[in-house]
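User: Hi! I have a protein model open and would like to go through its packing with you, one question at a time. Could you take a look?

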Amino acid sequence: SLAPLARTAYPDVQKFFLLATPRSGSSWLSTLLQGSRAVDYHANECFHTTVSMQHCASDWHFITKLPESLEEQLDLFFLPSSNSTASHVGFKWMANQRFDEPAGMVERALQYFKDNNVKVVALDRDNLLRKCYSLYDMKLRREAGQDIFKREGDGDAGAQNKLQEKLDVPISYLNWCLDRRAHFKTIFDRIVAEVPEGAAYVVKYSSLCSNPKQELVGIQQFLNLSTPLGGHSQLQKAHSGSLHSMVRNWEATRTQLIQETHWGAKIQEWEATECE
């Protein structure tokens, strides 16, 4: 097995991962990390499915069978490519993938991070209401066979028309989604809190979309990258503006959320625009 090589053969390579949740800007940030000459970065969300796990293990090496243990899987994901000159190796790990099943997975992951000096760039979007709107829009576009991302040059035509429409978002979906996202936010917060001191760098989504250059400098300094993070990504922010402009009958939906769910106290806060 090549897995132990990640621990022994590359002691100077900095291991890290991007901790995120869906619709938090992680795909945009991942394209920049992948484009850095100083970083070997997996394009896949490695723990999304068994297939994506195999892809990540085999990105740079011929791996025919994925190890069963989390620790050996991480060893392979953190193994640089054979002829790499990169000083860092990393991937995107979503808080809703693998951490909460089976029981004890968070503890094992945290121990691995501690034992192997793994750094965490944590991309935090704590506006769960806007995240749920974006997830519902993504769900509809997937069902319609449309691109779930907004890309440079798309404009208002073709697959992006749905971005310009007001959506009917069911209260039942929002309530379910808010509860679900809150659960994964708890996992996210625990990982950030329990990694060794100085091993986590939290990037607020609102700061990333308002002042991306400043946040990219912060990430570069935290990871101690020799070259700036920059370059160009075709991905763009998909949704902006007021919820009134995006959700049909928003006032009625807002009233229901406040009166009929346990999220009422947060709705006004979450209504606010995230990016200036």
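User: How close do the axes of helix α6 and α7 come, and at what angle do they cross?

Analyst: Happy to help, and please keep in mind that this is a predicted model. Helix α6 covers residues 128-143, and its axis comes within 9 Å of the axis of α7. The crossing of this pair is right-handed. As for the angle, the two axes cross at roughly 115°.

User: Which residues of α7 meet α6, and how does the contact divide by class?

Analyst: On the α6 side, the residues are L128, L129, K131, C132, L135, Y136 and K139. They meet Y173, L174, C177, L178, R181 and A182 in α7. By class, the residues of this contact divide into 10 nonpolar, no polar and 3 charged.

User: What about α5 and α7: are they roughly parallel or antiparallel to each other?

Analyst: Helix α5 spans residues 105-115 and helix α7 spans residues 171-194, and their axes come within 10 Å. Those axes cross at roughly 30°. An angle under 35 degrees counts as roughly parallel. Therefore α5 and α7 are roughly parallel to each other.

User: What is the handedness of the crossing where α5 passes α7, and how many charged residues does the contact have?

Analyst: α5 passes α7 in a right-handed crossing. From α5 the contact uses V106, E107, L110 and F113, and from α7 it uses I187, R190, I191 and E194. Sorted by class, 5 residues are nonpolar and none is polar, while the charged ones number 3.

User: F113 is in that contact. Which residues does F113 touch beyond four places away in sequence?

Analyst: F113 is also one of the two residues with the most contacts inside the largest nonpolar core, the other being W93. One of its partners is I191, which belongs to the α7 side of the helix contact. Leaving out residues up to four places away in sequence, F113 touches F17, W93, F99, V118, I191 and V195.

User: How many residues does the largest nonpolar core have, and which element gives the most to this core?

Analyst: The largest nonpolar core has 35 residues. At least two residues each come from β1 (14-20), α3 (50-58), α4 (70-77), β3 (88-94), α5, β4 (119-124) and α7. With 6 residues, the element that gives the most is α5.

User: How many residues are in the second core, and which residues does it include?

Analyst: This second core is separate and has 22 residues. L135, L174 and C177 also appear in the contact of α6 with α7. The residues included in the second core are, among them, L135, L174, C177 and W250.

User: Is W250 buried or exposed?

Analyst: W250 lies in helix α10, which covers residues 250-260. Not counting residues up to four places away in sequence, W250 touches L129, L243, H244, L257, I267 and E271. Its relative accessibility is 3%, and the cut-off for buried is under 20%. W250 therefore counts as buried.

User: What separates the C-alpha atoms of W250 and L167?

Analyst: Along the chain, W250 and L167 are 83 residues apart. In space, the separation of their C-alpha atoms is 9.5 Å.

User: Which residues of α4 are buried?

Analyst: α4 is mostly covered, with 6 of its 8 residues buried. This helix also supplies at least two residues of the largest nonpolar core. Its buried residues are L70, Q73, L74, D75, L76 and F77.

User: Is S30 buried or exposed?

Analyst: S30 is found in helix α2, residues 26-34. Its contacts beyond four places in sequence are with L18, Y41 and K92. Since its relative accessibility is 8%, S30 counts as buried.

User: Where is N117, and what is its phi?

Analyst: N117 sits in the loop between α5 and β4. With a relative accessible area of 52%, this residue is exposed. N117 is not a glycine, yet its phi is positive, at about 55°.

User: And what is the phi of N224?

Analyst: N224 lies in the loop between α9 (212-223) and β7 (235-236). Its relative accessible area is 62%, so N224 is exposed. Although N224 is not a glycine, its phi is positive, at about 60°.

Note on methods
Residues are numbered from 1 along each chain as its sequence is written. This is a predicted model: local features need pLDDT of at least 70, side-chain atom pairs count only at pLDDT 80 or more; totals for chains, interfaces and linings use all residues. Side-chain values use heavy atoms; hydrogens and water are left out. Helices (H or I, at least four residues) and strands (E, at least two) are DSSP runs, numbered from the N terminus. Buried means under 20% relative accessible area, exposed over 50%, partly exposed in between (1.4 Å probe, protein chains only). Contact means heavy atoms within 4.5 Å. Axes are lines fitted to C-alpha atoms, for helices over the stretch in contact, and angles run from 0 to 180 degrees between N-to-C directions. Angles under 35 degrees count as roughly parallel, over 145 as roughly antiparallel, 65 to 115 as roughly perpendicular and the rest as oblique. A crossing is left-handed if the near helix is turned anticlockwise from the far one by less than a right angle, and right-handed if clockwise. Ala, Val, Leu, Ile, Met, Phe, Trp, Tyr, Cys and Pro count as nonpolar, Asp, Glu, Lys and Arg as charged, and the others, Gly among them, as polar. A nonpolar core is a set of buried Ala, Val, Leu, Ile, Met, Phe, Trp, Tyr and Cys residues joined through side-chain atoms within 4.5 Å.
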